[in-house]
Amino acid sequence: MNRGKSLKSRIMFILLTLLLPLVIGINAFAAYINSTFASRVAELNEVSLEGYVNRVSDILKTVSGTMTDMVGTDYNFRRLARKLPEVEAYNSAYDVHLTLKSAIASQENISGLILYSPLNDQYMPAWADNVATTEAKAEIRDFVVNWDQGKWNDRPSRWKMVEFDHTPYLCLSVYSQVVQQSTIQRVYLFCLIQLNKLGHTADRNAYFIYENQYITGTDLVVNNELPLPPADASYITAGSNDRYVIMSRPVSETSVDAVYLIPYDDIRAGSENFRLILLAISLCAIAFVPLGYSWVTRTLLHPVQDLVSTMEQAASGDLTVRAPEKYRDREFNTLALTFNNMLQQIQDLKIESYERELINRQTQLSFLQLQIRPHFYLNCLKNLYGMVQEQQYELIQDVLIVLSNYLRYMMSSNTSWVTLEEELQNSSNYIRLQQYNQAYPPTCTISVDKNTLHVKIPPITVLTFVENCIKHAAADKPLQISLRARMLPSETGQILLLTIADNGLGFSEDQLIKLNNMQTAKLDDKHIGINNVYQRLNLLYGDECGIVFSNNNGAVVEIFIPLNDQSGDQS
């Protein structure tokens with residue numbers, strides 16, 4: 001017997017077909033990452049470098065603004081541009097010194113602020129803690145005292161790079177001046193920011209270049225023989241011991257460039273380890289997954305898939321489906337047999353329950369209709385009896401004609417549905433019957449949309465509420481009844497709105513509460529007709545229909561009946 005290819009070989013072939021491209025793809029991905037890793041590192045750090053340069057620029061702008069405000073607004077500072085007595089000059093310089101100390105305390109990046117008045121021979125520095133060495137301070141004093149304004153202005157940037165005791169600083173000078181006897185006299189304010197502090201405080205990867213030389217991070221540069229970043233490339237990768245991704249950006253208003261030195265080997269090592277882990281996982285999958293998957297497929301997956309497929313079909317409503325009973329394992333055969341028996345029982349119970357429900361609903365409908373009709377017949381006979389007592393024979397003839405039309409409608413209506421036109425005509429006949437024995441004959445106005453006349457509704461739905469209007473009418477004025485019908489749009493189709501209104505006494509507050517909560521409230525015997533209409537509508541339409549009771553210069557009843565394609569065909 002030809003048994004075909006084994007399931008194991010098919011599964012193994014499919015598995016290898018899936019796994020081999022996966023392994024090849026992983027290695028190709030790793031090779032691609034390796035070739036583009038440096039550019040990706042540069043791209044990821046480009047935003048950080050731009051952000052760092054912007055932060056440095058913002059710091060310099062803030063410090064520059066502080067100095068400009070001080071020069072323009074500090075009275076003692078501006079006084080020192082004029083020749084003062086020695087004591088006054090010292091006192092003014094000391095007051096400015098205190099202001100400089102406060103500025104340093106509020107600006108952590110400032111290394112020192114220096115007041116210098118050549119005319120009054122006042123040199124007053126203020127230093128941040130542990131920033132400048134003694135040698136640096138001496139060199140700074142010599143630099144300030146012998147400062148050449150013209151040579152300084154020849155430099156293109158506002159913040160200049162200077163070096164004291166082998167430490168690079170950014171320096172900014174501002175001044176206030178007066179003219180005395182055609183001679184310009186000035187007082188100067190210098191600010192020094194140590195680049196080592198500015199760079200490493202803000203970002204540990206940031207360093208600075210001035211005139212094609214590293215001025216910070218020199219030990220790192222020398223140890224790894226790092227070159228300058230080229231002007232025609234966004235980054236380079238270099239380093240003798242440790243490799244770095246090198247990229248630079250100019251710092252605005254200065255003559256220095258900020259440089260990012262990103263450790264390339266450390267970052268790449270993590271990527272390499274990740275690639276090796278992926279490769280190891282792929283090899284393990286190739287070695288171990290096929291055997292286990294083959295066994296699981298043969299012994300478990302196929303039977304389970306058959307049963308799950310059967311269950312899904314049953315869940316979708318197909319109770320005729322059956323699970324196969326041909327497995328080699330006894331447990332799966334037992335499970336399939338049990339499930340099939342359960343499906344058969346559910347199918348039998350569902351059919352039996354559905355038939356019982358149909359019988360029960362038909363019984364309730366017949367009972368409710370029989371419960372309504374005697375109630376109305378007794379009222380008609382009572383009216384005729386009253387006319388006979390009053391010997392109104394001509395009226396009796398008219399009444400009998402109307403009543404015969406009414407009874408013909410009721411006797412021939414052996415269905416659960418009538419058209420709205422028939423129901424309104426029947427209600428109109430009922431009102432005419434009531435006009436013959438009332439001191440104030442009731443009147444009725446009917447306003448309906450033409451497209452509602454042939455809609456089918458349960459019989460005596462409108463008549464019950466018309467009868468209730470007449471029963472509870474005011475005794476001292478004519479009763480006016482209004483019957484309206486129109487279509488309302490809804491999400492699932494259309495809704496027929498029937499409105500029965502009168503100018504009578506209306507409903508009491510207690511009655512409104514009970515009538516609008518008929519699902520939970522128990523009505524008394526006076527409202528048996530209303531209760532029967534509600535029960536019939538609820539049986540036919542469920543929760544989709546509704547009756548709303550209210551008062552508006554009399555009683556108002558609104559009946560909402562959902563319409564669908566089948567409702568008009570029921571009989």
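**Exercise 1. How many residues apart are D510 and K514 in helix α13, and by about how much of the helix are they separated?**

Before we start, a friendly reminder: this is a predicted model.

*Step 1.* Find helix α13, which covers residues 509-515. D510 and K514 sit 4 residues apart in this helix, so about one helical turn separates them.

*Step 2.* Bring in the general rule. An α-helix has 3.6 residues a turn, so residues three or four places apart point the same way.

*Step 3.* Look at the side chains. D510 and K514 form a salt bridge, with 3.7 Å from N to O.

*Step 4.* Check the surroundings of the pair. D510 is partly exposed at 45% relative accessible area, and K514 is partly exposed too, at 33%.

**Exercise 2. Describe the salt bridge between E50 and R249, and place both residues in the chain.**

*Step 1.* Start with the contact: the side chains of E50 and R249 meet at 2.9 Å, N to O. This pair links distant parts of the chain, since E50 belongs to helix α1 (residues 7-73) and R249 to strand β8 (residues 244-250), 199 residues apart.

*Step 2.* Compare each residue with the cut-off for burial, which is under 20% relative accessible area. R249, at 16%, counts as buried, whereas E50, at 32%, is partly exposed.

*Step 3.* Widen the view. E46 joins E50 and R249 in a network of salt bridges.

*Step 4.* Set another pair beside this one. E88 and R79 meet in a salt bridge of 2.7 Å, N to O. Here E88 is partly exposed with 36% relative accessible area, and R79 counts as partly exposed at 21%. In total, the structure holds 4 salt bridges.

**Exercise 3. Work out which strands pair with β5, and decide whether β5 is largely enclosed or open.**

*Step 1.* Take β1 (residues 112-117): 5 bridges join this strand to β5, and the two run antiparallel. Within the pairing, Y116 stands opposite Y188 of β5.

*Step 2.* Now take β4 (residues 167-180), which pairs with β5 over 12 bridges, again in the antiparallel sense. L170 has I193 in β5 as its bridge partner.

*Step 3.* Follow the chain from β4 into β5. The two strands make a hairpin with 2 residues between them, where Q181 takes a positive phi near 50°.

*Step 4.* Count the burial. In β5 (residues 183-194), 9 of the 12 residues are buried, so the strand is largely enclosed by the rest of the structure.

**Exercise 4. Test whether the length of helix α11 agrees with its number of residues, then list its buried residues.**

*Step 1.* Helix α11 (residues 420-435) has 16 residues; at 1.5 Å a residue, they should span 22 Å.

*Step 2.* The end C-alpha atoms of α11 lie 23 Å apart, which agrees with that expectation.

*Step 3.* Now for burial: the buried residues of α11 are L420, E423, L424, N426, S427, N429, Y430, I431, L433 and Q434.

**Exercise 5. Describe the nonpolar cores of the model.**

*Step 1.* Begin with the largest nonpolar core, which has 53 residues; L115, F208 and V256 make the most contacts inside it.

*Step 2.* Ask which element gives the largest share of this core: α1 does, with 12 residues.

*Step 3.* Turn to the second core, which is separate and has 49 residues, including M387, A485, I530 and L563.

Note on methods: Residues numbered from 1 in each chain as written. Predicted model: local features only at pLDDT ≥ 70, side-chain atom pairs only at ≥ 80, totals over all residues. Heavy atoms only, no water. Buried < 20%, exposed > 50% of the residue type's maximum accessible area, 1.4 Å probe, protein only. Pairing = 2+ DSSP bridges. Expected span 1.5 Å × (residues − 1). Core = buried A, V, L, I, M, F, W, Y, C linked by side-chain atoms within 4.5 Å.
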